[in-house]
Each structure stands twice: as structure tokens, then as C-alpha cells.
Amino acid sequence: MQATKKGIAGLHIMIMYNSPILEITQNGLIPVLIIGTLVVVILIGFLFFFVIIYQRRMLKNQAELRAMHDARQTDLMNAVFETQESERRRLAEDLHDSVGQVLSAIKLNLHRLDKNCVSEVSQPLLIDTRKLADECIQEIRNIIQNVLPPILTDYGLLIAVEALCTKVENNTHIKVNFTKNFVDKRFSNEIELALYRIAQELFGNAIKHSEATVINLNMALQAGYLIMEFKDNGKGFNMDDVKQGFGLKNLQSRVQLINGEINTYSKPLSGAISIIKLKVA
């Protein structure tokens with residue numbers, strides 16, 4: 001009896017597995033699985049696409065923020081340097097119009113006293129006083145030329161820089177060699193003033209810190225670029241110690257305002273070289 005029941009159950013299972021209904025159900029699962037897989041793949045692809053778009057937008061926003069920050073920094077630096085130049089002009093005018101005239105009047109009065117009050121006692125004192133007045137007037141003129149060099153405005157960058165080299169050589173123990181590969185070329189006021197101030201600062205740094213005996217300054221026009229190369233034979237320095245210094249940052253700021261670039265190279269006991277390059281054509 002039990003054997004008969006087992007046989008009937010086995011036969012029933014065989015009928016179920018071989019029935020058309022089960023075959024239809026199995027065949028219907030395949031498209032469902034395929035469609036489900038495709039849907040999952042599409043969703044994953046859409047997710048990756050969304051992430052990529054989001055990252056690109058974030059990078060674009062960050063780039064725009066950096067550009068805005070750089071623009072604000074440039075505007076700020078420009079405003080600072082314009083203020084400095086305005087104050088220098090005011091100082092030069094004040095020195096020329098007030099202090100210079102007063103010293104000239106003093107010198108004239110001393111000259112009159114020298115003619116009218118000649119004595120053995122007063123003569124040496126008048127001579128010394130006139131000499132001091134002359135030195136003071138010359139010093140005022142030097143200050144005015146440093147603050148607002150008329151030679152730069154009247155004759156241009158090359159002649160002004162050459163005069164600066166001559167002045168440094170005459171007033172220090174440093175031999176200055178100035179070379180150029182072009183003549184009679186004028187640039188915009190912004191470029192000429194910025195490069196002149198940069199040359200002043202490079203000379204000032206070399207005089208104060210380098211202990212150099214020779215400085216070579218070369219200006220050249222090459223393929224539409226204006227290049228100024230400043231090189232000294234001083235004691236040099238470690239770049240890591242000064243790359244964040246105010247002096248180097250000030251130079252970089254001035255160069256950036258005229259859309260140029262500056263590269264400085266140095267190491268201890270090997271001198272230093274600074275190269276400024278900007279497009280002018």
C-alpha cells in the first residue's frame with residue numbers, strides 16, 4: 001500500500017515538472033530577468049553619469065571661485081601699488097615745491113652773506129654752511145629721482161635703467177654691467193614703471209644682502225617677449241628660506257600686474273639670478 005502511494009506521488013511530481021504550465025512559467029522568467037538586469041545596469045550607468053556631472057560642476061565652480069579670488073587679489077595689489085605710486089608722486093612734489101625751494105632760498109641768503117659779511121671768523125662757517133646746504137639740496141634731488149624718476153617719463157625704460165646702473169656703480173663698490181639688444185623702444189607706462197621698480201628692488205636686495213662685487217643686468221627683446229635678467233656674484237641663498245619672504249612676494253606681485261612671470265634661482269655661495277619675462281607684442 002505504501003509503495004503504491006509513493007509511486008503515485010512520484011508520478012504526480014513528474015507530471016508537474018513536465019506540464020505545459022511549468023514550462024510557460026520558466027520561459028516567462030527569462031525576459032523578466034533580462035529586463036530587470038537591463039534596468040539595474042541603466043540605473044548604475046545613470047548614477048555614474050550623475051556623479052561625473054556633479055564632479056565636473058563642482059570643479060567648474062571651484063575654478064570660478066579661484067578666478068574670482070585671483071581677480072580680487074590682482075585688483076587689490078593693483079590698488080596698493082597705485083596708492084604707493086600716488087603717495088610717491090605727492091612726496092616728490094612736496095619735496096620739490098616746499099623743501100627744495102626753502103633750501104634754495106637758504107643757499108641764496110648764504111651767498112649774500114658771503115659777499116656782504118666777509119671776516120676771518122665768519123668765512124669758514126659760511127663756507128661749511130653753504131656746503132651743507134648744497135649737499136642737502138643734492139640729497140633732496142636724489143630722493144625725488146628715486147621716488148619719481150623724471151628720466152623714466154621723459155626718456156623711457158632703457159635709459160632710466162642704464163642711469164640706475166650707473167648710479168649704483170658710482171655709489172657702491174659694485175661693478176654693474178648693463179647690456180641690451182634693442183634701442184629707442186618705448187613700452188606702456190605700466191610696464192616701464194613696474195620694471196623700473198623691480199630693478200630698483202633687485203639692486204636694493206643685492207646691495208643689502210648679497211655681498212656681491214659684480215652685477216650683470218641684461219634687457220632683451222626676443223620673439224615678442226621683453227626679458228630682464230638680473231644676476232649677481234654674491235653669496236647666494238637657500239631658496240626654501242626666502243620663497244615665502246615679503247621681498248620675493250612683492251616682486252612676484254609687480255610682475256603679475258603686467259602679466260609677466262619671474263623666476264629666481266640661487267644657492268649658497270653661488271650668487272643669484274632673477275629672470276623677468278613678459279609678452280609685449
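## Reading salt bridges, sheets and helices

Me: This model is a predicted one, and I'd like to start with charges. How many salt bridges does a search of the whole structure find?

Reply: The search turns up 3 salt bridges. The general idea is simple: side chains of opposite charge can pair when their charged atoms come close. One case here is Glu169 with Lys175, where the closest N and O atoms are 3.3 Å apart.

Me: Where do Glu192 and Arg186 come in, and what is the N to O distance?

Reply: Those two side chains form a salt bridge as well, at 2.9 Å from N to O.

Me: Is Glu192 buried or exposed?

Reply: Look at the relative accessible area: under 20% is called buried, over 50% exposed, and in between is partly exposed. Glu192 has 2%, so it is buried. Its partner Arg186 has 39%, so Arg186 is partly exposed.

Me: And what about Glu169 and Lys175, how do I class those?

Reply: Use the cut-offs again. Glu169 has a relative accessible area of 27%, so it is partly exposed. Lys175 comes out at 43%, so Lys175 is partly exposed too.

Me: Which residue forms a salt bridge with Lys235?

Reply: That's Glu211, with the closest N and O atoms 3.6 Å apart. The pair links distant parts of the chain, since Lys235 and Glu211 are 24 residues apart. You'll find Lys235 in the loop between strand 3 (225-232) and helix 7 (239-242), while Glu211 sits in the loop between helix 6 and strand 2. Glu211 has a relative accessible area of 59%, so it is exposed, whereas Lys235 at 39% counts as partly exposed.

Me: OK, on to the sheet. In what order do the strands lie?

Reply: A handy thing to know when you look at a sheet: in a regular strand the side chains alternate between the two faces of the sheet. Here you have an open sheet of 5 strands in the order 1-2-3-5-4, with mixed pairing. The edge strands are strand 1 and strand 4 (260-266), and each of them pairs on one side only. From one strand to the next, the twist averages 10 degrees.

Me: Do strand 1 and strand 2 run parallel or antiparallel?

Reply: Parallel: strand 1 (residues 175-180) and strand 2 (residues 214-222) are joined by 6 bridges. To see one on screen, find Asn177, whose bridge partner in strand 2 is Asn216.

Me: And which way do strand 3 and strand 5 run?

Reply: Strand 3 and strand 5 (residues 272-279) run antiparallel, with 8 bridges joining them. Try Tyr225, which stands opposite Lys279 in strand 5.

Me: What do strand 1, helix 6 and strand 2 make?

Reply: They make a left-handed β-α-β unit. Helix 6 covers residues 189-210, so follow the chain from strand 1 through that helix to strand 2.

Me: At what angle do the axes of helix 5 and helix 6 cross?

Reply: Roughly 15 degrees, and the axes come within 10 Å. Angles under 35 degrees count as roughly parallel, and that makes helix 5 roughly parallel to helix 6. The crossing is right-handed.

Me: Last one: how far apart are Leu103 and Asp134 in space?

Reply: It helps to keep sequence and space apart in your head. Leu103 and Asp134 are 31 residues apart in sequence, and 8.5 Å apart in space, C-alpha to C-alpha. Leu103 belongs to helix 2 (residues 20-116), and its relative accessible area is 12%, so Leu103 is buried.

Conventions
Residues numbered from 1 in each chain as written. Predicted model: local features only at pLDDT ≥ 70, side-chain atom pairs only at ≥ 80, totals over all residues. Heavy atoms only, no water. Pairing = 2+ DSSP bridges. Helix = DSSP H or I, 4+ residues; strand = E, 2+ residues; numbered from the N terminus. Right-handed = clockwise from strand over helix to strand, strands pointing away. Salt bridge = Lys/Arg side-chain N within 4 Å of Asp/Glu carboxyl O. Buried < 20%, exposed > 50% of the residue type's maximum accessible area, 1.4 Å probe, protein only. Axes fitted to C-alpha atoms, helices over the stretch in contact; angles between N-to-C directions. Parallel < 35°, antiparallel > 145°, perpendicular 65-115°, else oblique. Left-handed = near helix turned anticlockwise from the far one by under 90°.
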